Amino acid sequence: MTDIMASLGLAQFKRYPEILKRRREIIEKYDDLLAELDVTPMKHYDQTYASSGHLYLLRLNGKDEAFRNDLITKLAEKGVSSNVHYKPLPMLTAYKDLGFKIEDYPNAFDMYRNEITIPLHTLLTDEDIEYVVESLKQSLNELN
């Protein structure tokens, strides 16, 4: 890490409580707005743990890779950036070349096949969050 990167990091530490607070507000708003959909969000908080809230991952219950990829495309058409955040290592070329096969890691593939990550950053307004959720609902309806 360069000195400049370190100084930026130190400056961010001063804002960290504020960042965590806003992320939690966003996560709670997403959780409330998505409750009626057939999706399962990653749990960020309970009595025994608290997440830094840097990602909002959703499982698309009962869906596969093709559906998920179509959903990502539909959301992009509406101006909402989404992606697959974690691709299992055995699916990456370097690991394939070493002989790893995704078939040997069914749990990793199961977590990957219907996961989507939607926007979560502290510059999102409540209106932005509502737009993301409305776009997600519309896109799901268009694909079902």
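Student: Leaving aside neighbours within four places in sequence, which residues is K137 in contact with?
Tutor: This is a predicted model, and in it K137 sits in helix α5, residues 126–143. Once the neighbours within four places in sequence are set aside, the contacts of K137 are L33, E36 and L37.

Student: What distance goes with the polar contact between the side chains of K137 and E36?
Tutor: E36 is one of the residues K137 is in contact with. The two side chains also meet in a salt bridge, N to O. For the polar contact that joins them, the distance is 3.3 Å.

Student: How many residues apart are E36 and K137, and where does each one lie?
Tutor: The side chains of E36 and K137 form a salt bridge. That pair links distant parts of the chain, with E36 in the loop between α1 and β1 and K137 in helix α5, and the separation is 101 residues.

Student: Is E36 buried or exposed?
Tutor: The relative accessible area of E36 comes to 65%. The cut-off for exposed is over 50%, so with its 65% E36 counts as exposed.

Student: Which residue forms a salt bridge with E130, and where is that partner?
Tutor: The closest N and O atoms of the E130 bridge are 3.2 Å apart, and the partner is K29. This pair links distant parts of the chain too, 101 residues apart, with E130 in helix α5. The partner, K29, is in helix α1.

Student: Why do E130 and K29 get the label partly exposed?
Tutor: Partly exposed is the class between under 20% and over 50% relative accessible area. E130 has 39% relative accessibility. K29 has a relative accessible area of 22%, so K29 is also partly exposed.

Student: How far apart along helix α1 are R22 and E25?
Tutor: The side chains of R22 and E25 meet in a salt bridge of 3.1 Å, N to O. Both residues lie in helix α1, about one turn of the helix apart, and in sequence that is three residues.

Student: Which class does R22 fall in, buried or exposed, and what about E25?
Tutor: R22 has a relative accessible area of 17%. Buried means under 20%, so R22 is buried. E25 has 32% relative accessibility, and it counts as partly exposed.

Student: Which residues are linked with R22 and E25 in a network of salt bridges?
Tutor: R22 and E25 form a salt bridge with each other. They also belong to a network of salt bridges, and the other residues linked in it are K21 and D126.

Student: How many salt bridges does a search of the whole structure find?
Tutor: We've met several by now, including R22 with E25 and E130 with K29. Searching the whole structure gives nine.

Student: What is the strand order of the open sheet, and which strands are at the edges?
Tutor: The open sheet has three strands with antiparallel pairing, in the order β1-β2-β3. Each edge strand pairs on one side only, and these strands are β1 (39–41) and β3 (115–118).

Student: Over how many bridges do β2 and β3 pair, and which residue stands opposite R59?
Tutor: Strand β2 covers residues 56–60 and pairs with β3 in the antiparallel sense over four bridges. Opposite R59, in β3, stands E115.

Student: What distance separates the C-alpha atoms of A11 and A76?
Tutor: A11 has its place in helix α1, residues 3–34. It is partly exposed, at 40% relative accessible area. A11 and A76 are 65 residues apart along the chain, and their C-alpha atoms are separated by 33 Å.

Technical notes: Residues are numbered from 1 along each chain as its sequence is written. This is a predicted model: local features need pLDDT of at least 70, side-chain atom pairs count only at pLDDT 80 or more; totals for chains, interfaces and linings use all residues. Side-chain values use heavy atoms; hydrogens and water are left out. Helices (H or I, at least four residues) and strands (E, at least two) are DSSP runs, numbered from the N terminus. A polar contact is a pair of N or O atoms within 3.5 Å; within protein, one must be able to donate a hydrogen and the other to accept it, and residues adjacent in sequence count only if both atoms are side-chain atoms. Contact means heavy atoms within 4.5 Å. Buried means under 20% relative accessible area, exposed over 50%, partly exposed in between (1.4 Å probe, protein chains only). Two strands pair if DSSP finds at least two bridges between them. A salt bridge is a side-chain nitrogen of Lys or Arg within 4 Å of a carboxyl oxygen of Asp or Glu.
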